[in-house]
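Biologist: Before we discuss this assembly, I should like to see the sequence and the structure. Please then explain the reasoning behind each term you use.

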Amino acid sequence: MGYGNYSHAAHTALIADRAAKPGSEVFTQTATHPLMNPHGLKVRESRDNADHPNSLGIAFALDVTGSMGDIPQTLARRELPTFMKLLTDCGVADPQLMFMAIGDANSDQASLQVGQFESTAPLMDQWLTWSYLEGGGGGSGEESYELAFYVMAQHTDMDCWVKRKKRGYLFVTGDELPYPAVSRRQVEGLIGEKLDEDIPIEEVIAAAAETCHLFFLIPDAQRRRRCEPRWRELLGDHVICMDSPDDACAVAAGIVALTEKAVPDLDGLARVMSATGMEKQRVNGVLHALDGYAALLDPHAPRRAPPSAAGSAPRSSWWKRLFG
Amino acid sequence: MTTTSATTTRYVSLLGLGFGDCGKGLFTDHLCGELQAHTVVRFNGGAQAGHNVVLPDGRHHTFSQFGAGSFHAGVGTVLASPVAVHPTALRVEAEALRQVGVGDAFSRLLVDARCRVTTPFHQAAGRLREWARGASAHGSCGVGVGETVRQALAEPELALRYGDLKSPARAFEKLEASRMSLRRGFAALDAASLHAEAAGELAMLEDASLSQRWLEAAAPCLRQSPPASADEIGNRLSRPGTVVFEGAQGVLLDEWRGFHPHTSWSTISTVAVEAVLREAGIEPAMRVQHLGVLRSYLTRHGAGPFPTHDAGLDKLLAEPHNAEAGWQGVFRRGHPDAVLLRYALAATGPLDGLVASHLDAVDAAPLRWCTGYRTAEGASLDALPFSNAPDLGHQQALTRLLQGAQPLYEPGRIATADEWIERVQAASGLQVRYGAFGPTRRAVVRCLHHRSRSPHHDRPTP
């Protein structure tokens with residue numbers, strides 16, 4: 001007696017396993033994580049607590065189909081801390097982050113995955129990396145983004161709204177069109193609740209907008225043409241076209257900071273970003289993406305000069321290598 | 001050798017009468033051959049068991065969860081419900097067995113779906129708890145078996161059962177709930193002050209990705225040995241032939257009869273064996289032959305009282321398979337102790353006989369026969385008070401008593417193995433059925449009580 005070598009070896013292997021994993025295997029799910037499976041979903045809560053008395057619910061609905069999987073990768077490897085640091089540095093008090101993953105409910109196994117609101121980086125990271133990057137998607141030019149609005153409208157409960165009538169945020173990343181309506185059949189299959197009828201996309205967006213600021217982030221200039229007009233019809237100036245998918249976090253943080261008036265304007269945001277050591281070119285890219293939205297908040301602010309053609313090209317070569 | 005009836009099942013149990021390391025592996029291996037057993041049942045403990053079997057051809061395996069009869073072709077293992085199963089360690093052990101020529105261990109394994117499961121979180125929590133005890137450490141093996149049992153008792157709804165693993169979603173929820181609960185228990189812990197490695201263990205409890213990775217690592221174990229229903233276990237145990245119950249630990253470490261708190265969360269008794277049979281729908285009355293297992297001298301790993309401990313025996317008595325490195329701590333040797341033997345017999349329940357290992361040590365070292373103690377108060381004592389009802393307060397008092405006890409020895413060393421056997425038989429009222437004079441099954445001799453116990457003519461040449 002007094003042994004245990006096999007169990008030690010078993011556990012050591014488990015720990016070593018993670019350390020030995022290359023960065024490309026940050027996302028290891030091979031199916032929907034049980035805790036992100038929306039079946040039976042009741043309500044995802046963003047609540048005030050002793051450490052976070054002014055909670056602000058922020059949801060990311062990440063398109064995880066083939067063309068968009070790099071945004072979650074970038075978030076997980078590098079950008080999630082940037083997002084949190086930017087919000088903190090701008091003075092946004094108590095953000096609580098929830099990740100959802102969006103695929104194509106007509107062709108994917110894991111077309112909707114829903115995490116929980118969290119206020120600490122490790123737990124945010126946990127839900128993010130629990131997302132299954134199925135990489136599917138249909139050939140129809142549509143993905144099931146409407147489900148993200150449906151979850152937000154129907155299955156979240158945020159103290160920022162309930163207690164303070166302050167809306168939370170939903171950032172949807174994507175490069176395709178939404179389906180025209182939330183399908184009652186899909187909702188029943190995925191979430192397990194019955195709807196009387198399909199809900200038109202306009203209606204579900206209106207419902208979500210009651211408690212949330214809604215944004216659709218398009219990863220880069222090349223992706224705009226296909227989907228931007230339709231999203232403009234649905235979300236107007238809340239469609240944000242980025243220079244690079246790498247900017248998704250900084251752009252989202254900038255939107256929150258500006259909307260919450262944590263920074264007075266784009267110049268204030270630029271100062272904060274520069275102070276974090278962000279490259280000038282990257283700061284400019286973020287400001288460029290936010291220009292239209294900032295003008296909407298403060299119509300009297302001077303518009304920034306349009307960036308050069310070079311500035312609007314995708315900066316990261318890996319993006320081109322993979323999808324160019 | 002007699003052949004067993006084709007229509008009945010014979011049950012033999014091997015119950016350690018010391019602190020462990022008494023030779024259960026050797027005798028399980030031997031009896032599986034001698035009695036043509038088809039199944040070895042593990043009925044207590046978990047992955048901390050280390051039962052060494054050395055084959056005459058030199059192959060060696062330290063059996064942890066697979067039955068120590070596995071070197072015999074076709075002998076299966078049943079992990080019965082009180083066992084805390086460690087699925088990922090089973091995989092590692094199966095691989096170790098494969099390397100010594102046993103390639104089909106998993107296909108011979110039945111794991112009761114009701115078995116509690118040991119996870120990395122239990123191991124981490126168990127180690128943190130042991131470190132937190134500081135100087136009053138219990139002598140944990142650092143495997144997490146105790147923590148598995150502790151949590152299953154304290155929070156039964158979180159207890160992961162082997163059958164739960166069939167449903168990964170359900171298993172995952174339990175795993176995470178269990179991790180969270182254990183983590184909360186150590187929220188106020190200052191890891192840095194505890195132990196150099198405590199931060200690493202704490203990190204396991206913090207690791208939100210570990211549950212999923214552990215489930216993935218455990219999945220092949222499930223595929224190769226799916227959870228067995230009570231009926232399957234019952235059928236296996238009623239198969240005609242012989243079933244050997246291989247006890248883990250020794251009764252002096254029993255959770256209720258050992259010397260609290262230096263015990264194992266595991267029951268070592270005839271009652272535990274018979275409970276498994278009853279659970280399988282088999283009425284055990286009169287059918288189980290219970291054998292107590294002794295080493296010719298006492299040994300103990302790690303902390304806990306040990307009145308006859310004698311460091312002078314260390315260099316005389318080799319211990320090839322019990323390393324002192326790692327969690328189990330220092331390996332101590334001591335003289336045979338009639339007081340503890342009588343206590344062990346009372347705790348184990350009625351036995352049909354004894355088996356004894358390391359009888360060659362009688363020649364190798366000057367073993368003395370301890371008949372009693374002088375207590376710290378100066379009184380003489382030749383038996384320990386036995387509490388009929390489980391009472392940890394009583395067991396703790398025994399611990400204190402033993403810690404202050406000075407052993408009283410018969411004059412002179414025990415001269416021969418025969419003399420050792422005579423003394424043990426006199427003290428126990430039981431026959432020594434088999435004796436081992438070396439590490440392999442070839443060194444086991446049958447001790448026939450009706451003739452002069454002089455096994456030397458049977459003794460194998462080295």
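Modeller: This is a predicted model. In it, chain B and chain A bury about 2,600 Å² between them, and 63% of that area lies on carbon and sulfur atoms.

Biologist: What makes a residue part of the contact, and how many residues does each chain give?

Modeller: A residue belongs to it when its heavy atoms come within 4.5 Å of the partner chain. By that criterion chain B gives 43 residues and chain A gives 21 residues.

Biologist: How many salt bridges and polar contacts are counted between chain B and chain A?

Modeller: The count of salt bridges is zero, so no Lys or Arg side-chain nitrogen is counted within 4 Å of an Asp or Glu carboxyl oxygen across this contact. Two residue pairs are in polar contact, both at pLDDT 80 or more. On the side of chain B that touches chain A, 18 residues are nonpolar, 17 polar and eight charged.

Biologist: Why is the set that includes A:Ile58 and A:Phe83 called a nonpolar core?

Modeller: Its members are called a core because they are buried nonpolar residues joined through side-chain atoms within 4.5 Å. This largest core has 93 residues, and A:Met100 and A:Phe149 are among those with the most contacts inside it. Helix α9 (residues 248-259) of chain A gives the most, with 10 residues. Apart from this core lies another, of 67 residues, including B:Leu15 and B:Val432.

Biologist: What makes B:Val273 of helix α10 of chain B a buried residue?

Modeller: B:Val273 is listed as buried, which means that its relative accessible area is under 20%. The buried residues of α10(B) pack against elements of chain B including β1 (9-16) and α11 (338-348).

Methods: Residues numbered from 1 in each chain as written. Chains lettered and ligands numbered in written order. Predicted model: local features only at pLDDT ≥ 70, side-chain atom pairs only at ≥ 80, totals over all residues. Heavy atoms only, no water. Buried < 20%, exposed > 50% of the residue type's maximum accessible area, 1.4 Å probe, protein only. Helix = DSSP H or I, 4+ residues; strand = E, 2+ residues; numbered from the N terminus. Buried area = accessible area lost by both parts, 1.4 Å probe. Polar contact = N/O pair within 3.5 Å; in protein donor to acceptor, adjacent residues only side chain to side chain. Nonpolar A, V, L, I, M, F, W, Y, C, P; charged D, E, K, R; others polar.
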